[in-house]
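Please open the model in your viewer and keep the sequence panel beside it. The tour below goes from one selection to the next and says what can be found at each stop.

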Amino acid sequence: MVNRKISHRPTICYRPIQPSDLEVLERLHADIFPIRYEEEFFQNVVHARDIVSWAAVDRSRPNGHSDELIGFVTARIVLAKETEIGDLLIYDPLKPDQTLVYILTLGVVETYRNLGIARSLIRQVIKYASSIPTCHAVYLHVISYNIPAIHLYKKMSFKCIRRLQGFYLINDQHYDSFLFVYYVNGGCSPCSPLELLVAAVSYMTSSLKTVAARLRKNEEESPKLPKCKETNFLISI
C-alpha cells in the first residue's frame with residue numbers, strides 16, 4: 001500500500017551508507033532523534049570504521065533524489081563478554097571471540113513510514129549477524145515512550161529482557177529504556193528463576209498425572225472383591 005503522503009509509487013532499495021551520504025545522514029539524525037551525535041560518529045559510519053550500516057533509498061524519487069537516504073540503520077560488532085547482556089547469554093567462556101551485533105541508530109523519513117522500511121533494515125542487520133559464526137544475538141535499546149518501535153521489535157520476535165531506569169538523559173530529564181534481544185546462530189538466554197519455577201511445576205504436574213493414570217489402570221485390571229455391609233464401630237476407652 002502506497003503512503004498517501006508520497007505522490008509517486010516508491011521503489012525502495014537498500015545499500016551500504018557511503019561518504020556522499022554524510023550531510024543527509026547528519027540531518028536525518030538531527031530531525032529524528034532528541035539526542036545529538038558527535039561528528040566522529042558520522043565519520044565512522046560513512047567510512048565504515050568499526051560500524052556497519054545500510055541505507056534505504058527510493059529509486060523512483062524525482063528531481064535527482066533517487067539515491068538520497070530515506071532510511072538508515074547503523075550497528076557495531078561487540079565482544080559478548082564485554083557487553084551489558086553477557087550474563088543473559090549462554091555461551092562458552094573458553095571462546096573469547098564470541099560476539100553480538102548492537103544496533104546503534106535506526107530511522108526512517110516521516111513520509112516513508114509504515115511501508116515496512118524499518119522492518120527491512122532490521123532484517124538486513126539480522127541477516128548480517130547470522131552470517132557471522134561467532135555472533136549469538138542482535139540487541140538494542142529503545143526509549144520507553146517509543147511505542148511504535150516497541151511494537152515493531154516484538155512483532156519481529158525480539159525479546160524484551162530488561163527495563164533500565166533513567167538510561168537516557170534528554171533536556172535534563174531522565175527516561176527509561178527497554179533492552180531488546182534477537183538471538184541468532186543458536187544463541188539463547190539462561191533460564192531465569194521464574195522460568196525454572198514454571199518448568200519445575202510443569203514437570204511435577206505432568207508426573208502426577210502419569211502416576212494417577214497408572215493407578216486408575218491398575219484399579220481397572222485388579223479383581224473385584226465382594227462388597228461388605230457397612231459396620232459402625234463404637235470405641236470406648
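Is Val 125 buried or exposed? Val 125 is buried, because its relative accessible area is 0%, where buried means under 20% relative accessible area, exposed over 50% and partly exposed in between, with a 1.4 Å probe and protein chains only. Before going on, note that this is a predicted model, in which local features need pLDDT of at least 70 and side-chain atom pairs count only at pLDDT 80 or more, while totals for chains, interfaces and linings use all residues. Residues are numbered from 1 along each chain as its sequence is written, and side-chain values use heavy atoms, with hydrogens and water left out.

**First stop: around Val 125**

Select Val 125, which has its place in helix α3; helices (H or I, at least four residues) and strands (E, at least two) are DSSP runs, numbered from the N terminus. Then add the residues that Val 125 touches, leaving aside those up to four places away in sequence: Trp 54, Val 73, Ala 75, Val 101, Ile 103 and Val 138, where contact means heavy atoms within 4.5 Å. Val 101 is 24 residues from Val 125 along the chain, and the C-alpha atoms of the two are separated by 8.0 Å.

**Second stop: the whole chain**

Colour the chain by secondary structure, and 5 helices and 7 strands should appear, in the order β-α-α-β-β-β-α-β-α-β-β-α from the N terminus on. Of the 237 residues in the chain, 36% are buried. Among the contacts in the chain with a separation of 6 or more, 68% are between residues 24 or more positions apart.

**Third stop: the sheet**

Now show the strands alone: 7 of them form an open sheet with mixed pairing, in the order β1-β2-β3-β4-β5-β7-β6, and two strands pair if DSSP finds at least two bridges between them. At the edges are β1 (12-15) and β6, each of which pairs on one side only. The twist from one strand to the next averages 25°; axes are lines fitted to C-alpha atoms, for helices over the stretch in contact, and angles run from 0 to 180 degrees between N-to-C directions.

Follow the pairs along the sheet, beginning with β4 and β5, which run parallel and are joined by 3 bridges; here Tyr 102 stands opposite Tyr 139 in β5. Helix α4 packs on the sheet, where α4 touches β4, β5 and β7 (173-183), and the direction of α4 makes about 160° with that of β5. Over 7 bridges, β5 and β7 pair in the antiparallel sense, with Ile 143 opposite Ser 177 in β7. The antiparallel strands β6 and β7 are joined by 8 bridges, and Cys 160 stands opposite Phe 180 in β7. These two strands, β6 and β7, form a hairpin with 2 residues between them, and Asn 171 in the turn has a positive phi of about 50°.

**Fourth stop: α2 and the loop after it**

Select the buried residues of α2, namely Phe 41, Phe 42, Asn 44, Val 45 and Val 46, and then look for what covers them, which includes α1, β2 (52-58), β3 (69-79) and β4. Moving on along the chain, Ala 48 has its place in the loop between α2 and β2, and its phi is near 55°, a positive value in a residue other than glycine. Most residues other than glycine have a negative phi. Ala 48 counts as exposed, because its relative accessibility is 54%.

**Last stop: the largest pocket**

Which residues are the closest to the centre of the largest pocket? Of the 44 residues that line this pocket, they are Phe 33, Leu 106, Gly 107, Asn 146 and Ala 149. The space in the largest pocket comes to about 1300 Å³. On a 1 Å grid over the protein atoms alone, a pocket is an open set of points where a 1.4 Å probe fits, with protein on both sides within 12 Å along at least five of seven lines, and lining residues have an atom within 4 Å of a point. Grid points are joined across faces, edges and corners, and a volume is the space filled by probe spheres set on the points. To finish, select β4, which gives the most to the lining of the largest pocket, with 7 residues.
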